[in-house]
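Biologist: I'd like a close look at how one helix sits against its partners in this model. Could you take me through it slowly, and then move on to whatever else the packing leads to?

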Amino acid sequence: MPQSTSEARRPTAAASTPLPSMPVTGARSWRDYALLLALAFCWSSTYPLTKLALPSIPPITFISVRSLIAAAFLFAILWMRGIKVPTDANAWKLFATQQLINSTFPFLVITWSQQYVPASNTVVLASTTPIFAFLITSMITRHEPATLLKLAGAILGLAGTVVIVGLDAVRGLGNEIVAEIAILLATISFACASIFGLRLSDYDPMVVAAGSVLFGGLVLLPPALVIDQPWTLQPTLEAIVATIIMGIVSSAFGLMLFYVCLSRLGTLTTNAQGYLRIPIGVGLSVLLLGETVPSNLAVGLLLVMAGVAAMTVPAERLKRR
């Protein structure tokens with residue numbers, strides 16, 4: 001039975017109010033952590049799918065098209081559910097801001113930086129998002145407890161990422177300092193987005209995801225038409241399939257799960273999925289691209305899992321055990 005159109009926004013509070021001091025309600029269950037793992041799976045597919053698409057589809061066109069595919073998919077589901085997207089300016093201002101700091105700006109910056117920074121270095125730098133989220137939460141917003149256990153988890157996860165990717169990635173840092181600083185700015189933007197996204201908790205997660213990707217796709221469409229002239233492109237079938245899958249899985253389902261996790265688990269725990277994406281992404285790269293398994297995968301995976309556990313398991317539960 002179709003849901004009421006009023007469910008697009010929950011009437012508990014105005015979306016423009018300050019961040020809630022405690023965004024997580026109720027006791028966490030295995031379903032919450034299953035959602036976190038599902039989010040990691042959705043976003044880990046970004047690495048191999050992008051690698052399949054970019055050789056024949058330029059970055060701006062690729063990001064715009066995948067966003068518009070995601071928007072079409074989500075709006076179709078919303079229509080079937082009987083839920084309408086809000087039309088007030090305040091809602092779209094929030095959607096636009098969230099999309100700019102969570103997708104449009106960081107993706108464009110990282111895509112540009114990857115022309116100069118090796119993929120392994122990019123992975124390490126991008127994995128600093130949980131640490132920046134911790135610092136912003138503990139020093140500025142203070143909207144949820146930022147414990148030393150969570151900081152230790154963030155550091156362990158980063159160490160595991162370095163082990164999986166390889167120590168050469170760390171030794172190579174500093175060779176392209178401008179591009180590397182740009183990647184760090186993108187990760188700070190991701191961290192800010194995970195905090196700002198709490199302001200959207202009054203809206204249905206699918207509505208937020210649909211409005212955000214629609215804005216992102218439309219903003220990048222004019223420069224894609226001018227710069228890339230997509231009608232002149234000859235994308236491979238492999239690239240087209242990768243773009244469609246990425247639009248539906250990574251952008252549509254991924255963003256929807258992201259906002260669900262934010263409302264249920266909070267900023268710091270949701271950011272823990274960034275470390276889970278590394279081993280999952282490596283596994284998908286081995287399956288889809290035929291890449292070799294890193295020799296230090298087992299050790300890195302142990303560090304990553306320890307870090308994720310420290311960031312996600314409530315301190316009260318650890319004390320009881």
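**Helix α6 and its neighbours**

Modeller: Let's start with handedness: α6 and α7 cross in a left-handed way. Keep in mind as we go that this is a predicted model. The contact itself uses P130, I131 and F134 from α6, and on the α7 side K150, L151, A154 and L158. Sort those residues by class and you get six nonpolar, no polar and one charged.

Now for the geometry. Two packed helices are described by the angle between their axes and the distance between the axes. Helix α7 covers residues 148–165, and its axis comes within 9 Å of the axis of α6, with a crossing of roughly 160°. Angles over 145 degrees count as roughly antiparallel, so α6 is roughly antiparallel to α7.

α6 has another partner to look at. Helix α6 itself is residues 129–141, and it packs with helix α9, residues 177–196, at about 55°, the axes being 8 Å apart. That angle makes α6 oblique to α9. Which hand does this crossing have? For α6 and α9 it is right-handed, whereas α6 and α7 cross left-handed.

You can trace the α6–α9 contact in the structure too. From α6, look for T129, F132, A133, I136, T137 and T141. They meet a set of residues in α9: L184, T187, I188, F190, A191, C192, S194 and I195. By class, this contact has nine nonpolar and five polar residues, and no charged ones.

Next, a pair that leaves α6 behind. Helix α4 is residues 89–113, and it packs with α11 at an angle of about 110°, with 14 Å between their axes. Angles of 65 to 115 degrees count as roughly perpendicular, so that is how α4 and α11 lie to each other. Their crossing is right-handed. The residues that meet are Q98, Q99 and N102 in α4 and L255, F258 and Y259 in α11. That contact splits into three nonpolar and three polar residues, with no charged ones.

Hold on to Y259, one of the α11 residues that meet α4, and let's turn to empty space. Rolling a probe the size of a water molecule over the atoms shows where empty space is left. How many cavities of 30 Å³ or more does a search of the whole structure find? Just one, and the space in the largest cavity comes to about 80 Å³.

Its lining has 11 residues, and Y259 is among those nearest the centre, together with L200, S201, Y203 and S263. Two helices, α10 (205–228) and α11 (237–265), each supply at least two residues of that lining. α11 gives the most, with three residues. By class, the lining of the largest cavity is made of seven nonpolar, three polar and one charged residues. So Y259 is a handy place to finish: this residue of α11 meets α4 and also lies among the residues nearest the centre of the largest cavity.

Key
Residues numbered from 1 in each chain as written. Predicted model: local features only at pLDDT ≥ 70, side-chain atom pairs only at ≥ 80, totals over all residues. Heavy atoms only, no water. 1 Å grid on protein atoms, 1.4 Å probe; cavity = no way out; pocket = protein on both sides within 12 Å on 5 of 7 lines; lining within 4 Å. Points joined across faces, edges and corners; volume = space filled by probe spheres on them. Helix = DSSP H or I, 4+ residues; strand = E, 2+ residues; numbered from the N terminus. Nonpolar A, V, L, I, M, F, W, Y, C, P; charged D, E, K, R; others polar. Axes fitted to C-alpha atoms, helices over the stretch in contact; angles between N-to-C directions. Parallel < 35°, antiparallel > 145°, perpendicular 65-115°, else oblique. Left-handed = near helix turned anticlockwise from the far one by under 90°. Contact = heavy atoms within 4.5 Å.
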